[in-house]
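Opening a fresh page for this one. I want to go through the metal site, the empty spaces and a handful of single residues, and jot down what I look up.

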Amino acid sequence: MTALVLRGCHVVTMDAGRAEYPSGYVATDGNRIAAVGAGPVPADLADARVIDASGCVATPGLVNTHHHLYQWATRGRALDATLFQWLTELYPVWARIDEQIVRDAATAALAWLARTGCTTSTDHHYVFPRGGGDVLGATVAASRDVGLRFHPTRGSMDLGASSGGLPPDEVVEDIDTILAATEQAIVSFHDPQPGSMLRMGVAPCSPFSVTGDLMRAAAGLARDMGVQLHTHIAETADEVEFCAERFGCTPVEYLDSLSWLGGDVWLAHAVHLDDAAIARLAATGTGIAHCPSSNARLGAGICRTADLLAAGVPVGLGVDGAASNEGSSLLGEVREAVLMARAVGGPEGLTVRGSLELATLGGARLIGRADEIGSLEAGKLADIALWRLDGMAHADIADPVAALVLGARPPLELLIVNGETVVEPSPPAPLQPRPGPGCRCAMTMCAPCCRSSSSVAPAL
Ligand SMILES: [Zn+2]
């Protein structure tokens, strides 16, 4: 890693004052940010590798707070289904995944995320087929191959259909197996040190696939070992009904009864919340991973983002698994979050900068890393996204943050994770010869044709 300076770009710092520099610089040294500021590059940074970033906007790397990487292998199924119908169709397919499938799917999913500005991703892996090999280890290996900062969680299901749960019995595990494997995963992979590239979490799947006994034991294990807790909650009206019938309370009241609210917990979705639930989430500091595209894809509803933020609930953004968000663009979620908040709450439902904050600082706070990532400030980790905005799609949008969030998805010029370049521009494709005079093939890739005297159309 060498010292690097991006100069001449619009810098969105997300620092305490939310400073932006219309023509500024960001300098890195090793895996840390060395300096951020306005104007020309200071003389003491002149020895660094300087990149002309004019025409671009630099933002903190985006933080993805909910995903199921293995689902990249099962995109485009159950197209018009509710969550429970979608799960019922997909569980038997997921029951056949193995270590190699997960390795390939996770590599593709993380590489795609990187191309959409993501520098840190969580993962929630809860399907462990018997004989499928080390599927959790496969996601860790994929994260190292791609180079993203990674917060995987060891998920689990122990409430099969024969016990009143939704998943078929073939995809659930027993509680002792789950707890032993979860503890081993933390011992094997979790790195609590500053600058860590991998921190584990503990994540039983959902109220309709997990017993209360597992939820309590998982919370105890996570707190004993100093890692965070994650699960799905209040995603659909069906789940609210399930909790009312089975537990006699709302989903958030159910979590509360299991000691599953707190600053060490972040929850995916939280679409169907009443006012009391929002107040309780705020009082306990429990975070929410808002997944607007997935919620819309499954017709689940729209998260009460504005109400959560007004109450002081920490909120981040997530793409969710690719089986319910085939697009899997984290920058796309920034746009969707704005549009959906406004669709239900009017034009003041969420600002473009507010949505970008959810994907940066908000996500960092959810996973306990706000002191290290989520903003461009000297001393923080060098996780940076550089977006090109001087093309036709954006060049005449005066506000670069509006261009980034509301405009077409811009080219990612550069992605730096922990000081290392993970995405850089592809070299321009070589120009293809155009059809020459008298050419009969009328195709742009017709060099063999146009160079030959017989002028025969090439086989494709
Ligand atoms: Zn999910």
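**Tyr-21 and its surroundings**

I began with the contacts of Tyr-21: setting aside neighbours within four places in sequence, Tyr-21 touches Cys-9, His-10, Val-11, Thr-13, Val-36, Gly-37 and Ala-38. Worth noting early that this is a predicted model. Tyr-21 belongs to strand E2, which covers residues 20–29. Buried or exposed, or something in between? I get 22% relative accessibility, so Tyr-21 goes down as partly exposed, since buried would need a value under 20%. I also checked Tyr-21 against Leu-415: they are 394 residues apart in sequence, and their C-alpha atoms are 19 Å apart in space.

**The zinc site**

Next I went to the metal. Which atoms coordinate the zinc ion? I find NE2 of His-66, NE2 of His-68, NE2 of His-232 and an OD of Asp-320, at 2.0 to 2.6 Å. Written along the chain, the donor spacing is H-x1-H-x163-H-x87-D. His-68 and Asp-320 join distant parts of the chain, being 252 residues apart. His-68 sits in the loop between strand E6 (62–64) and H1, while Asp-320 sits in the loop between strand E13 (315–317) and helix H11 (330–345).

Then the geometry. I noted angles of 86 to 177° among the four donor atoms, and the site is irregular. Why is it not tetrahedral? A tetrahedral label needs all angles between 85 and 135 degrees, so the 177° end of the range rules it out. For reference, the ideal angle for four tetrahedral donors is 109.5 degrees.

How accessible are the two loop donors, His-68 and Asp-320? His-68 has a relative accessible area of 2% and is buried. Asp-320 comes out at 4%, so I put it down as buried too.

**Positive phi in the E13–H11 loop**

I stayed with Asp-320 for its backbone. Asp-320 is not a glycine, yet its phi is positive, about 65°. Ser-328 also lies in the loop between E13 and H11. Its phi is near 50°, again positive in a residue other than glycine. I looked up the accessibility of Ser-328 as well: the relative area is 1%, therefore buried.

**The cavity**

On to empty space. Rolling a probe the size of a water molecule over the atoms shows where such space is left. How many cavities of 30 Å³ or more does the structure hold? I count one, and the largest cavity has a volume of about 120 Å³. Its lining has 17 residues, and the ones nearest the centre are Leu-83, Leu-87, Tyr-126, His-232 and Glu-235. I recognise His-232 from my zinc entry, where its NE2 is a donor. Helix H1 (residues 83–94) gives the most to this lining, with four residues. By type I get eight nonpolar, seven polar and two charged residues.

**The largest pocket**

The largest pocket holds about 230 Å³ of space. I list 15 lining residues, with Phe-128, Gly-133, Asp-134, Arg-154 and Ala-181 nearest the centre. Which elements give two or more residues to that lining? They are helix H3 (135–146) and helix H4 (175–189), and H4 has the largest share, with five residues. The split here is seven nonpolar, five polar and three charged.

Gly-133 deserved its own look. I place Gly-133 in the loop between strand E7 (118–125) and H3. With a relative accessible area of 52%, Gly-133 is exposed, because the cut-off for that label is over 50%. From Gly-133 to Asp-145, twelve residues along the chain, the C-alpha separation is 19 Å.

**Leu-159**

Last entry. Leu-159 is in the loop between strand E8 (149–156) and H4. At 4% relative accessibility, I log Leu-159 as buried. What does Leu-159 touch, leaving aside neighbours within four places in sequence? My list reads Gly-165, Leu-166, Pro-167, Val-172, Pro-207, Phe-208, Ser-209, Val-210, Thr-211 and Arg-246. I picked Pro-207 for a distance check: Leu-159 and Pro-207 are 48 residues apart in sequence, with 9.0 Å between their C-alpha atoms.

How values were computed
Residues numbered from 1 in each chain as written. Predicted model: local features only at pLDDT ≥ 70, side-chain atom pairs only at ≥ 80, totals over all residues. Heavy atoms only, no water. 1 Å grid on protein atoms, 1.4 Å probe; cavity = no way out; pocket = protein on both sides within 12 Å on 5 of 7 lines; lining within 4 Å. Points joined across faces, edges and corners; volume = space filled by probe spheres on them. Nonpolar A, V, L, I, M, F, W, Y, C, P; charged D, E, K, R; others polar. Donors = N, O, S within 2.8 Å, 3.2 Å for Na, K, Ca; no water. Tetrahedral: all angles 85-135°; square planar, octahedral: opposite > 155°, others 65-115°. Buried < 20%, exposed > 50% of the residue type's maximum accessible area, 1.4 Å probe, protein only. Contact = heavy atoms within 4.5 Å.
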